[in-house]
Amino acid sequence: MGRAGNLIPVPEANGSTNWVEVGVNIDAKVRELNRVYAPRAKLEVTSEGKPEPLEQPTIGQMRISVSTTVVLGKTTQVACLDDPVTQRRFEVDALLS
């Protein structure tokens, strides 16, 4: 399990502030059966778009579940996500050694 991110303030109409978590969350497990390695992962990427002055920020969220097999000792790309809010690409590689 891995988590990396930030908290961003989002002002509410009543004057209070709501804090929203943005970043990357990865929950992964690996199963091995007869020397075949099968990682399973849930990935969540949340990002903040650039708001115009005096506007609420746009929050984008992508979630994906990955289930695949990999070769021990070889880097394998298991997911590729394009963030429509930030226009960034996230590539997820697995390496079991």
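This is a short tour of the structure, stop by stop, with a suggestion of what to select at each one.

**Stop 1: the whole chain**

Start with everything shown as a cartoon, and keep in mind that this is a predicted model. Colour by confidence if you like: the mean pLDDT is 86, and 98% of the residues reach 70 or more. Strand 1 has the lowest confidence, with a mean of 86, while strand 2 has the highest, at 90.

Now look at the overall outline. The C-alpha trace spans about 60 × 25 × 15 Å along its principal axes. The radius of gyration is 17 Å, whereas a compact globule of 97 residues would have one near 13 Å. Of the 97 residues, 25% count as buried. If you draw the contacts between residues at least 6 apart in sequence, 30% of them join residues at least 24 apart.

What will you find by way of secondary structure? The protein has 6 strands and 0 helices, so the view is simple to read: β-β-β-β-β-β from the N terminus on.

**Stop 2: the four-stranded sheet**

Select strands 1 to 4 next. These 4 strands form an open sheet in the order 1-2-3-4, with antiparallel pairing. Why do strand 1 and strand 4 each have one side without a neighbour in the sheet? Both stand at the edges, and each has a single partner strand, so one side stays unpaired. From one strand to the next, the twist averages 10 degrees.

Walk across the sheet one pair at a time:

- Strand 1 and strand 2 run antiparallel and are joined by 10 bridges. Pick Gly5 here, and you will see Gly23 of strand 2 opposite.
- Strand 2 and strand 3 are also antiparallel, paired over 11 bridges. Asn25 stands opposite Glu44 of strand 3, and Asp27 faces Lys42 of strand 3 in the pairing.

**Stop 3: two hairpin turns**

Zoom in on the ends of these strands. Strand 1 and strand 2 make a hairpin with 5 residues between them, and Gly15 in that turn has a positive phi of about 95 degrees. Move on to the hairpin of strand 2 and strand 3, where 2 residues lie between the strands. In this turn, pick Asn34, whose phi is also positive, at about 55 degrees.

**Stop 4: the salt bridges**

Show the side chains of Asp, Glu, Lys and Arg now. How many salt bridges does the structure hold? There are 3.

Begin with Asp27 and Arg3, whose closest N and O atoms are 3.4 Å apart. This pair links distant parts of the chain, as Asp27 sits in strand 2 (residues 17–33) and Arg3 in strand 1 (residues 2–11), 24 residues apart. Asp27 is partly exposed, with a relative accessible area of 32%, and Arg3 is partly exposed too, at 46%.

Select Glu44 and Arg63 for another salt bridge, at 3.4 Å from N to O. Here Glu44 of strand 3 (residues 36–48) is linked with Arg63 of strand 4 (residues 59–67), 19 residues further along the chain. Is Arg63 buried or exposed? Arg63 is exposed, with a relative accessible area of 62%. Glu44 is worth a second look, as you have already met this residue opposite Asn25.

Then go to Asp82 and Arg89, where the closest N and O atoms of the salt bridge are 2.7 Å apart. Asp82 counts as partly exposed, at 47% relative accessibility.

**Stop 5: Thr46 and Glu48 in strand 3**

Finish with two residues of strand 3. Select Thr46, which lies in this strand, and show its surroundings. Thr46 has a relative accessible area of 9%, which is under the 20% cut-off, so it counts as buried. Which residues are in contact with Thr46, leaving aside neighbours within four places in sequence? They are Glu21, Val22, Gly23, Ile59, Gly60 and Gln61.

Glu48 is also in strand 3, but it is partly exposed, with a relative accessible area of 33%. Not counting residues up to four places away in sequence, Glu48 touches Ile8, Val22, Pro57, Thr58, Ile59, Val85 and Thr86. For a last distance to draw, try Glu48 to Thr58: the two are 10 residues apart in sequence, and their C-alpha atoms are 5.7 Å apart in space.

How values were computed: Residues are numbered from 1 along each chain as its sequence is written. This is a predicted model: local features need pLDDT of at least 70, side-chain atom pairs count only at pLDDT 80 or more; totals for chains, interfaces and linings use all residues. Side-chain values use heavy atoms; hydrogens and water are left out. A salt bridge is a side-chain nitrogen of Lys or Arg within 4 Å of a carboxyl oxygen of Asp or Glu. Buried means under 20% relative accessible area, exposed over 50%, partly exposed in between (1.4 Å probe, protein chains only). Contact means heavy atoms within 4.5 Å. pLDDT is the predictor's confidence in each residue, from 0 to 100. Two strands pair if DSSP finds at least two bridges between them. Axes are lines fitted to C-alpha atoms, for helices over the stretch in contact, and angles run from 0 to 180 degrees between N-to-C directions. The radius of gyration is taken over C-alpha atoms; the globule rule is 2.2 Å times the number of residues to the power 0.38.
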